[in-house]
Amino acid sequence: MTRILSLLLVAFAAIVALAASRDDFQSISANAVTKFDTKEGYQYVIKFEDWISATAVHAVGACGFTPNTSMHCDIVFLIAADGRIRKVLFAPNNSYEQCVSKNFRTSGISPKPPADSWPMQIRLI
(Lines give C-alpha, C1' and ligand atoms only; values in the text may rest on other atoms or scores of the structure.)
Protein backbone atom coordinates (compact mmCIF):
# COMPACT_ATOMS: atom_id res chain seq x y z
CA MET A 1 0.00 0.00 0.00
CA THR A 2 2.85 2.37 0.85
CA ARG A 3 4.49 1.68 -2.52
CA ILE A 4 1.27 2.41 -4.38
CA LEU A 5 0.78 5.66 -2.48
CA SER A 6 4.39 6.67 -3.13
CA LEU A 7 4.01 5.89 -6.84
CA LEU A 8 0.81 7.93 -7.03
CA LEU A 9 2.48 10.88 -5.31
CA VAL A 10 5.42 10.76 -7.73
CA ALA A 11 3.03 10.59 -10.71
CA PHE A 12 0.99 13.51 -9.37
CA ALA A 13 4.16 15.58 -8.83
CA ALA A 14 5.24 14.88 -12.41
CA ILE A 15 1.85 15.97 -13.76
CA VAL A 16 1.96 19.18 -11.73
CA ALA A 17 5.50 19.88 -12.95
CA LEU A 18 4.46 19.35 -16.58
CA ALA A 19 1.49 21.68 -16.20
CA ALA A 20 3.68 24.37 -14.63
CA SER A 21 6.24 23.95 -17.40
CA ARG A 22 3.50 24.31 -20.05
CA ASP A 23 2.23 27.46 -18.34
CA ASP A 24 5.78 28.87 -18.17
CA PHE A 25 6.26 28.12 -21.85
CA GLN A 26 3.04 29.90 -22.82
CA SER A 27 3.84 32.91 -20.65
CA ILE A 28 7.41 33.33 -21.93
CA SER A 29 6.24 32.81 -25.51
CA ALA A 30 3.54 35.49 -25.22
CA ASN A 31 6.04 37.92 -23.68
CA ALA A 32 8.54 37.20 -26.46
CA VAL A 33 5.94 38.14 -29.08
CA THR A 34 5.24 41.42 -27.28
CA LYS A 35 8.95 42.25 -26.98
CA PHE A 36 9.62 41.37 -30.62
CA ASP A 37 7.20 44.10 -31.70
CA THR A 38 9.44 46.79 -30.16
CA LYS A 39 12.47 48.41 -31.81
CA GLU A 40 14.83 47.18 -29.11
CA GLY A 41 13.25 43.73 -29.21
CA TYR A 42 13.72 43.38 -32.94
CA GLN A 43 17.34 44.52 -32.70
CA TYR A 44 17.99 42.00 -29.93
CA VAL A 45 16.48 39.17 -31.98
CA ILE A 46 19.16 39.74 -34.63
CA LYS A 47 21.97 39.57 -32.05
CA PHE A 48 20.48 36.54 -30.31
CA GLU A 49 19.94 34.63 -33.56
CA ASP A 50 23.56 35.24 -34.57
CA TRP A 51 24.64 33.82 -31.21
CA ILE A 52 22.30 30.80 -31.18
CA SER A 53 22.52 29.80 -34.87
CA ALA A 54 25.38 27.27 -34.58
CA THR A 55 23.61 25.50 -31.71
CA ALA A 56 20.34 25.40 -33.64
CA VAL A 57 22.06 24.09 -36.79
CA HIS A 58 23.72 21.35 -34.75
CA ALA A 59 20.39 20.25 -33.20
CA VAL A 60 18.58 20.26 -36.56
CA GLY A 61 21.44 18.29 -38.11
CA ALA A 62 21.39 15.71 -35.33
CA CYS A 63 17.63 15.27 -35.62
CA GLY A 64 17.37 15.26 -39.39
CA PHE A 65 15.87 17.84 -41.68
CA THR A 66 12.40 16.88 -42.91
CA PRO A 67 10.96 19.85 -44.81
CA ASN A 68 7.71 18.14 -45.84
CA THR A 69 6.43 17.58 -42.34
CA SER A 70 4.52 19.57 -39.78
CA MET A 71 7.02 18.58 -37.12
CA HIS A 72 8.67 21.54 -35.44
CA CYS A 73 10.19 22.51 -32.15
CA ASP A 74 9.61 25.82 -30.43
CA ILE A 75 12.17 26.88 -27.85
CA VAL A 76 11.66 29.70 -25.38
CA PHE A 77 14.41 31.31 -23.35
CA LEU A 78 14.39 33.60 -20.35
CA ILE A 79 17.58 35.64 -20.37
CA ALA A 80 19.14 37.48 -17.43
CA ALA A 81 20.44 41.04 -17.75
CA ASP A 82 24.03 39.74 -17.97
CA GLY A 83 23.18 37.32 -20.81
CA ARG A 84 22.94 34.13 -18.75
CA ILE A 85 20.18 31.80 -19.87
CA ARG A 86 17.89 31.39 -16.85
CA LYS A 87 15.39 29.03 -18.43
CA VAL A 88 15.01 27.00 -21.62
CA LEU A 89 11.72 25.26 -22.43
CA PHE A 90 10.71 23.17 -25.45
CA ALA A 91 7.33 22.46 -27.10
CA PRO A 92 5.24 20.83 -28.49
CA ASN A 93 5.70 17.34 -27.15
CA ASN A 94 6.55 15.28 -30.24
CA SER A 95 9.42 13.09 -31.42
CA TYR A 96 11.22 16.00 -33.10
CA GLU A 97 11.03 18.13 -29.93
CA GLN A 98 12.39 15.22 -27.90
CA CYS A 99 15.35 14.86 -30.25
CA VAL A 100 16.04 18.60 -30.35
CA SER A 101 15.88 18.94 -26.57
CA LYS A 102 18.48 16.17 -26.22
CA ASN A 103 20.84 17.75 -28.78
CA PHE A 104 20.35 21.46 -28.08
CA ARG A 105 23.17 22.75 -25.89
CA THR A 106 24.02 26.40 -25.49
CA SER A 107 27.44 27.42 -24.33
CA GLY A 108 28.69 30.65 -22.97
CA ILE A 109 26.74 33.82 -22.42
CA SER A 110 24.22 35.20 -24.88
CA PRO A 111 24.33 38.86 -25.89
CA LYS A 112 23.07 41.10 -23.10
CA PRO A 113 19.37 41.79 -23.58
CA PRO A 114 17.74 45.22 -23.31
CA ALA A 115 16.35 44.32 -19.86
CA ASP A 116 16.45 41.58 -17.22
CA SER A 117 14.29 38.46 -17.67
CA TRP A 118 14.12 39.04 -21.41
CA PRO A 119 12.00 36.45 -23.26
CA MET A 120 13.04 34.96 -26.61
CA GLN A 121 11.51 32.31 -28.82
CA ILE A 122 12.83 30.41 -31.81
CA ARG A 123 11.28 27.71 -33.99
CA LEU A 124 13.25 24.87 -35.52
CA ILE A 125 11.77 22.95 -38.45
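**Exercise 1.** Work out the strand order and pairing of the open sheet in this predicted model.

*Solution.* Start with the order: the three strands of the open sheet go S2-S1-S3, and the pairing is antiparallel. Next, pick out the edges. Strand S2 (85-91) and strand S3 (118-124) each pair on one side only, which makes them the edge strands. Then check the twist: on average, neighbouring strands here are turned by 20° against each other, direction ignored.

Now zoom in on one pair. Strand S1 (residues 73-79) runs antiparallel to S2, and six bridges join the two. For a landmark, look at Phe-77, which sits opposite Val-88 in S2.

**Exercise 2.** Place the sheet within the whole protein, and find which helix lies across it.

*Solution.* First, count the elements: you get three helices and three strands. Walking from the N terminus, they come as α-α-β-β-α-β. Then look for the helix: H2 (residues 39-63) lies across S1, S2 and S3, at about 45° to S3. Finally, check the contacts between residues at least 6 apart in sequence: 78% of them join residues at least 24 apart.

**Exercise 3.** Is Ile-46 buried, exposed or partly exposed?

*Solution.* Locate the residue first: Ile-46 belongs to helix H2. Its relative accessible area is 41%. Buried means under 20% and exposed means over 50%, so Ile-46 counts as partly exposed. Now look around it: Ile-46 joins Phe-36 and Tyr-42 in a nonpolar surface patch of about 290 Å². For the wider picture, 30% of the protein's 125 residues count as buried. The accessible surface comes to about 8,000 Å², with 59% of it belonging to carbon and sulfur atoms.

Definitions and conventions: Residues numbered from 1 in each chain as written. Predicted model: local features only at pLDDT ≥ 70, side-chain atom pairs only at ≥ 80, totals over all residues. Heavy atoms only, no water. Pairing = 2+ DSSP bridges. Helix = DSSP H or I, 4+ residues; strand = E, 2+ residues; numbered from the N terminus. Axes fitted to C-alpha atoms, helices over the stretch in contact; angles between N-to-C directions. Contact = heavy atoms within 4.5 Å. Patch = residues over 30% accessible without salt bridge, like charges linked within 9 Å, V, L, I, M, F, W, Y side chains within 5 Å. Areas by Shrake-Rupley, 256 points an atom, 1.4 Å probe, with all protein chains shown as cover. Salt bridge = Lys/Arg side-chain N within 4 Å of Asp/Glu carboxyl O. Buried < 20%, exposed > 50% of the residue type's maximum accessible area, 1.4 Å probe, protein only.
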